[in-house]
Amino acid sequence: MKERSKNIRIVQGKVVSDVMDKTRVILLETFYTHPKFKKIIKVSRRLKVHDEKNESKNNDIVQAIETRPLSRQKRHRLFKIVARGQL
């Protein structure tokens, strides 16, 4: 019997595209301080997330969980919707 991995990553981001069927693009923003200049730097990246029921819409804040590769670019699936966006 297989055991589940204890260190599953959950990321939180904002939905920026809901055009594709069963796929959402979320934007992850992280901030860090530059070691020499002490300036705060924002780094953003976009992930494709599998949304089976097409529940999330643009501007929603969602959590995605890391999973096996679902397609060439999708490595996460929708875990839950934290907050609905304003229309």
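Student: What percentage of the 87 residues of the chain count as buried?
Tutor: The model is predicted. A residue is called buried when its relative accessible area is under 20%. Of the 87 residues in the chain, the share that counts as buried is 25%.

Student: Which elements make up the chain, from the N terminus on?
Tutor: The chain has 0 helices. It does have 5 strands. Read from the N terminus, the order of elements is β-β-β-β-β.

Student: In what order do the strands of the closed barrel run?
Tutor: The barrel is closed and consists of 5 strands with mixed pairing. Neighbouring strands of this sheet are turned against each other by 50 degrees on average, direction ignored. One antiparallel pair is S2, residues 23-33, with S3, residues 40-50, joined over 11 bridges. The order of the strands in the barrel is S1-S2-S3-S5-S4.

Student: In which sense do S3 and S5 pair, parallel or antiparallel?
Tutor: Strand S5 covers residues 74-83. With strand S4, residues 61-66, S5 pairs in the antiparallel sense over 6 bridges. With S3, S5 shares 3 bridges, and the sense of that pairing is parallel.

Student: Which residue in S5 is the bridge partner of Val-49?
Tutor: The partner is sought in S5, which pairs with S3 over 3 bridges. A residue of S5 that stands opposite Glu-66 is His-76. The bridge partner of Val-49 in S5 is also known: His-76.

Student: Why does Leu-47 count as buried?
Tutor: Leu-47 lies in strand S3. The cut-off for buried is under 20% relative accessible area. Leu-47 counts as buried because its relative accessibility is 13%.

Student: Which residues does Leu-47 touch, not counting residues up to four places away in sequence?
Tutor: Ile-26 stands opposite Leu-47 in S3, and Ile-26 is among the residues that Leu-47 touches. His-76 is another of these contacts, and His-76 is the bridge partner of Val-49 in S5. The list for Leu-47 is Val-11, Arg-24, Val-25, Ile-26, Leu-28 and His-76.

Student: What distance separates the C-alpha atoms of Leu-47 and Arg-84?
Tutor: Leu-47 and Arg-84 are 37 residues apart along the chain. The C-alpha atoms of the chain fill a box of roughly 45 × 45 × 25 Å along the principal axes. The C-alpha atoms of Leu-47 and Arg-84 are separated by 19 Å.

Student: How far apart are the mean positions of the positive and negative charges of the chain?
Tutor: The chain carries 23 positive and 9 negative charges. A mean position is taken for the positive charges and for the negative charges. The two mean positions are apart by 7 Å.

Notes: Residues are numbered from 1 along each chain as its sequence is written. This is a predicted model: local features need pLDDT of at least 70, side-chain atom pairs count only at pLDDT 80 or more; totals for chains, interfaces and linings use all residues. Side-chain values use heavy atoms; hydrogens and water are left out. Helices (H or I, at least four residues) and strands (E, at least two) are DSSP runs, numbered from the N terminus. Buried means under 20% relative accessible area, exposed over 50%, partly exposed in between (1.4 Å probe, protein chains only). Lys and Arg count as positive and Asp and Glu as negative; His and the chain ends are not counted. The place of a charge is taken as NZ of Lys, CZ of Arg, CG of Asp or CD of Glu. Two strands pair if DSSP finds at least two bridges between them. Axes are lines fitted to C-alpha atoms, for helices over the stretch in contact, and angles run from 0 to 180 degrees between N-to-C directions. Contact means heavy atoms within 4.5 Å.
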